[in-house]
Amino acid sequence: MNSQHCDGAIAADLLAQAVAWRRELHRHPELAYDEHRTAEFIASRLAESGIPIHRGLAATGVVGTITRGTSRRSIGIRADIDALPIREDSSVAHASSVAGIMHACGHDGHTVMALAAARVCAELPDLDGTVHFIFQPAEEGEGGGRRMVEEGLFRLFPCDNVYALHNWPALAAGACVARDGAMMAALGLFTIRIRGRGCHGAMPHEGTDPILATAQIVAALQSIVSRNVDPLQPAVVSVTQIQAGDTWNVAPDECLIRGTTRWYDETVGDLIEARLTRLVQSIAAGFACTAQIEYQRRFPATINDPSAASFVRAVAGGCGLKVMDHEPSMGSEDFAHMLQAVPGCYLWLGAARGHDNAGLHSSHYDFNDEVLPDGIRLWVSLVRKYLTDP
Ligand SMILES: [Zn+2]
Ligand SMILES: [Zn+2]
């Protein structure tokens, strides 16, 4: 393990162990709410560190709690633990052993940073207060964060502030971004079924073509951002899936359209949903088709509390990380639900590597173990600063 950002405060044997843990988790990825082996692994490592654990929030969630002294100060550190339904194409020795599932977002690395930090924190002699290490399932679109909050996370484990990090391959290793306010966008998903009446491809006048209606709808949806949303407000409408037809000479009965929407301002979210609904219904009707729309607003925007973000920047700078400013992302993150319940900060940790720098959700991605010490040190320093400063 070699990192210029680690001044040696994290013992070499723990770092070596962290790398081994990370690769073990990488070999055995599990999807949303199915992280049973992963949860068992987390619980075992926490128990080895003498840390009391609670299991079962959001099915496979695990919380490890360290309390020292008499202070009522309390913070949460959240790590996501789930993998993605992607077939791994990397050639690493620790590649996924599960067909069609891989840790393509680095949640294996996030889990291990928190586990190793918990192990260090359990040994710190000078803490006064409580830190909850929150291991959250189902971050990838399935709302594990919201479910943990709904099932009583912060009632059972009260936190003054809650923090989470994501490795960021687009940023140089050693960099850290913790913005005041907006960090990640709100997320909407839509599934639209356009129903017409199929017919012989050579006699189109005998049917009602859902593909033609769909083509107009896909084009028209692009007018929402370009013509309806204030140009100074961030917004995305992306059609990402179209399915229809089985062959070249039969017009189908139905066409399926799927996609995603992103925004920050809730009034923009309302506008996107209203315009999408109206365009789809009216265009389908204009082409004598019917439309069935399922529209879900899955995650709110991830908005940092400015004082929690400024605390993270101070801690990161003190750890030797390069604190940078950066534009917010139009990606989304279900830690947003925790931040709606408790003020806190979501940060990006630089994770680029010189060679083979595959992005998040790429089938070639593998978490950069070189940045494990950055995350471990950041969490340990943050806990220490929060729970020892008067
Ligand atoms: Zn992801
Ligand atoms: Zn992720």
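**Close-up views of a two-domain chain**

**View 1. The whole chain, a predicted model.** Among contacts between residues at least 6 apart in sequence, 81% join residues at least 24 apart. Two residues are in contact if their C-beta atoms, placed from the backbone, lie within 7 Å. The secondary structure comes to 10 helices and 16 strands. Helices (H or I, at least four residues) and strands (E, at least two) are DSSP runs, numbered from the N terminus. The radius of gyration, taken over C-alpha atoms, is 23 Å. The globule rule (2.2 Å times the number of residues to the power 0.38) gives 21 Å for 390 residues, so the chain is as compact as a globular protein of that length. The C-alpha atoms fill a box of roughly 80 × 45 × 40 Å along the principal axes. Of the 390 residues, 49% count as buried. Buried means 20 or more other C-beta atoms within 10 Å of the residue's own; exposed means 12 or fewer, and partly exposed lies in between, with C-beta atoms placed from the backbone.

In this predicted model, local features need pLDDT of at least 70 and side-chain atom pairs count only at pLDDT 80 or more, while totals for chains, interfaces and linings use all residues. Residues are numbered from 1 along each chain as its sequence is written, and chains are lettered from A and ligands numbered from 1 in the order in which they are written.

**View 2. Where the two domains touch.** Domain 1 covers 12-183 + 302-388, and domain 2 covers 186-299. These bounds come from an automatic or database domain assignment. The domain centres, taken over C-alpha atoms, are 36 Å apart. In contact are 8 residues of domain 1 and 8 residues of domain 2. The domain 1 side has 3 nonpolar, 3 polar and 2 charged residues. Ala, Val, Leu, Ile, Met, Phe, Trp, Tyr, Cys and Pro count as nonpolar, Asp, Glu, Lys and Arg as charged, and the others, Gly among them, as polar.

**View 3. The open sheet of 4 strands.** The order is S10-S12-S8-S13, with antiparallel pairing. Two strands pair if DSSP finds at least two bridges between them. S10 (235-244) and S13 (290-299) stand at the edges with a single partner strand each, so one side of each has no neighbour in the sheet. The twist averages 15 degrees from one strand to the next. Axes are lines fitted to C-alpha atoms, for helices over the stretch in contact, and angles run from 0 to 180 degrees between N-to-C directions. S10 and S12 (254-263) pair over 9 bridges. Ala235 has Trp263 of S12 as its bridge partner.

**View 4. Helices on the 4-stranded sheet.** H6 (210-228) lies across S8 (186-195), S10 and S12, at about 170 degrees to S10. H7 (266-286) touches S8, S10, S12 and S13, and makes about 165 degrees with S13. Gln281 is found in H7. Gln281 is partly exposed, with 16 other C-beta atoms within 10 Å. Its C-alpha atom is 47 Å from that of Phe133.

**View 5. The open sheet of 8 strands.** The order is S1-S2-S4-S3-S5-S16-S6-S15, with mixed pairing. S1 (53-55) and S15 (322-324) are the edge strands. Neighbouring strands are turned by 25 degrees on average, direction ignored. S6 (175-177) and S15 pair in the parallel sense over 3 bridges. Cys176 stands opposite Val323 in S15. H8 (306-318) packs on this sheet, touching S5, S6, S15 and S16 (344-352). The direction of H8 makes about 35 degrees with that of S16.
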